[in-house]
Amino acid sequence: KPSFGLESRVNDIHHGNGTQQAFYNDPSVLYISLHRYDNGNFFPGSGAPEEVGGGPGMGYNVNVAWTGGVDPPIGDVEYLTAFRTVVMPIAHEFSPDVVLVSAGFDAVEGHLSPLGGYSVTARCFGHLTRQLMTLAGGRVVLALEGGHDLTAICDASEACVSALLSVELQPLDEAVLQQKPNINAVATLEKVIEIQSKHWSCVQRFAAGLGRSLREAQAGETEEAETVSAMALLSVGAEQAQAAAAREHSPR
């Protein structure tokens, strides 16, 4: 697959319709957007999960289109879960040369519902940026696109720049790590995975565990890794035993 750029619209709560249109048929650019959608009833109304790209760009457009309003609001847990199950698996499989982020901060806590209504913290944006830095050898560019609250813009920008500068970030609250994503977010991610699994098989393994907390997911992944390692050791042991038996019964 071609690999040039990942254009990610993570922070602004509105869908990046212009960016999507610009690269909709281009397989050299993977476009991922996380935005409030509400079945097309939130401005600008575009960005349905079924919009996956066209022509040679089919599959290179990923819309995490949050639906369900703001009761409860989408927050840190939901964004971190989306990154764990959709954004980062697809991005790693695509393996971009550079990551470009449309960094507005309308999703930061404190915005009234007409302007966003979500409750993502500035601290979380720092951790999301740090995850993106595992791509493309750390070549990540954030372009500030705005926001409606100066304090939110300042705090979130500072967290993201700190991540880019490899400054030690404030850890996420344990309550966030223990919390499960809300039911609306799980339904959204289920739909995204159902659609995108036709193009990115890497997301299929996350479908069954969408309702887990981050701590539960980490524990499950550790257990899975340990099981794989144990099976690999058993396989090696069996092969060595077979080789030893073959040597013992071979003509001398």
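How many of the 19 residues of H2 are buried? In this predicted model, 17 of them are buried (under 20% relative accessible area, 1.4 Å probe, protein chains only), so H2 is largely enclosed by the rest of the structure. Residues are numbered from 1 along each chain as its sequence is written. Local features need pLDDT of at least 70, side-chain atom pairs count only at pLDDT 80 or more, totals for chains, interfaces and linings use all residues, and side-chain values use heavy atoms, without hydrogens and water.

**Confidence**
- The chain has a mean pLDDT (the predictor's confidence in each residue, from 0 to 100) of 90, and 88% of its residues reach 70 or more.
- Among the elements (DSSP runs: helices, H or I, of at least four residues; strands, E, of at least two), strand S1 (residues 5–9) has the lowest mean pLDDT, 70, and helix H6 (residues 183–196) the highest, 98.

**Helix H2**
- Helix H2 (residues 76–94) has a kink of about 50° centred on Phe83, the bend being the angle between axes fitted to the seven residues ending there and the seven starting there.
- Ser95, which follows H2, has a positive phi near 55°.

**Nonpolar core**
- The largest nonpolar core (buried Ala, Val, Leu, Ile, Met, Phe, Trp, Tyr and Cys residues joined through side-chain atoms within 4.5 Å) has 58 residues, of which Leu34, Trp66, Tyr79 and Phe125 touch the most other members.
- H2 gives this core its largest share, eleven residues.

**Helix packing**
- The axes of H3 and H4, lines fitted to C-alpha atoms over the stretch in contact, lie 8 Å apart at an angle of about 30°.
- H3 is therefore roughly parallel to H4 (under 35 degrees).

Methods: Buried means under 20% relative accessible area, exposed over 50%, partly exposed in between (1.4 Å probe, protein chains only). Axes are lines fitted to C-alpha atoms, for helices over the stretch in contact, and angles run from 0 to 180 degrees between N-to-C directions. Angles under 35 degrees count as roughly parallel, over 145 as roughly antiparallel, 65 to 115 as roughly perpendicular and the rest as oblique.
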